[in-house]
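User: Could you take a close look at one part of this model for me, the place where the ligand sits? I am in my first year, so please take me through it step by step.

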Amino acid sequence: MSQKPRSYREKSIVFIGFMGSGKTTIGERVAKKLYRDFIDIDEEIEKEYGMPVTEIFRVHGEETFREKEKEMITRLSTQPLKIISVGGGAFMNPDIRDHCLENCIVLFLDLSWDAWKERLSLLVASRPVLQGRSIEEIEELFHKRQGIYADHNSKFRTDHLDIEEVSDYLISSLKTSWELYD
Ligand code: S3P
């Protein structure tokens, strides 16, 4: 039996962007303002394994993490009305990317390299992908990843904005698109 396609308003919203670009903080804020449930995929994976992401990488390996990430995202993003933050590497997987673009509204939180590198020292301990890399290698990864975030529904530059400003701006854009498309 074919299912009625979900209206734009009902679709879950997925936040993408590089590590530390504010997906969880802004996602949580937007969810609260829209009275929706917030899901952080990394947190869900951590709950399932009972350990932080760095430990999952160390004990089980990145491949296991990536498989779980794909299973969680494809399952949870199919539900309506959720606000979901996915890890910065999730969109490297074309199946995840296609699934999210087909079923959800994908919002890219875009931060310049200059603004991002100020945050690096706060991120390294909890981000295995950054560990053991030089600043030049991280910058290369940062720019390479911009290519995979290029597939999105809307992009928000967050460089000079605080959480409240980004969330409010994002919600007003969403409301405009809901009116336009539904
Ligand atoms: C990763 C980003 C992390 C987390 C894992 C791998 C990546 O999530 O999923 O450490 O490959 O970019 P955040 O983007 O929330 O930091």
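Analyst: What follows describes the surroundings of the ligand and then turns to the aromatic rings. Please keep in mind that this is a predicted model. The ligand is surrounded by 13 residues, and the closest of these are Lys 23, Asp 42, Arg 66, Gly 88 and Arg 127. If we sort the residues of this shell by their chemical character, five are nonpolar, three are polar and five are charged. The space that the ligand takes up is the largest pocket.

Some contacts can be followed atom by atom. In Arg 66, an N or O atom of the side chain lies 2.7 Å from an oxygen atom of the ligand, while in Arg 145 a polar side-chain atom is 2.8 Å from an oxygen atom of the ligand. With Gly 89 the contact comes from the backbone, where an N or O atom is 3.1 Å from a ligand oxygen atom. Of the 380 Å² of accessible area that the ligand has on its own, the protein covers 96%.

Turning to the rings, the structure holds nine aromatic pairs. One of them joins Phe 57 and Phe 65, whose ring centres are 5.1 Å apart and whose planes meet at 50 degrees, a tilted arrangement. Phe 57 has a relative accessible area of 16% and is therefore buried, because the cut-off is under 20%; Phe 65, at 3%, also counts as buried. Another pair is formed by Phe 156 and Tyr 169, with centres 5.6 Å apart, and because their planes stand at 80 degrees, this pair is edge-to-face.

Key
Residues are numbered from 1 along each chain as its sequence is written. This is a predicted model: local features need pLDDT of at least 70, side-chain atom pairs count only at pLDDT 80 or more; totals for chains, interfaces and linings use all residues. Side-chain values use heavy atoms; hydrogens and water are left out. A residue is near a molecule or strand if one of its heavy atoms lies within 4 Å of it. A polar contact is a pair of N or O atoms within 3.5 Å; within protein, one must be able to donate a hydrogen and the other to accept it, and residues adjacent in sequence count only if both atoms are side-chain atoms. Accessible areas come from the Shrake-Rupley method with a 1.4 Å probe; for residues, only the protein chains shown count as cover. On a 1 Å grid over the protein atoms alone, a cavity is a set of points where a 1.4 Å probe fits but cannot get out, and a pocket is an open set with protein on both sides within 12 Å along at least five of seven lines; lining residues have an atom within 4 Å of a point. A molecule sits in a cavity or pocket if more than half of its atoms lie within 2 Å of its grid points. Ala, Val, Leu, Ile, Met, Phe, Trp, Tyr, Cys and Pro count as nonpolar, Asp, Glu, Lys and Arg as charged, and the others, Gly among them, as polar. Rings of Phe, Tyr and Trp (its six-membered ring) pair if their centres lie within 6.5 Å; planes under 30 degrees apart count as stacked, over 60 as edge-to-face and the rest as tilted. Buried means under 20% relative accessible area, exposed over 50%, partly exposed in between (1.4 Å probe, protein chains only).
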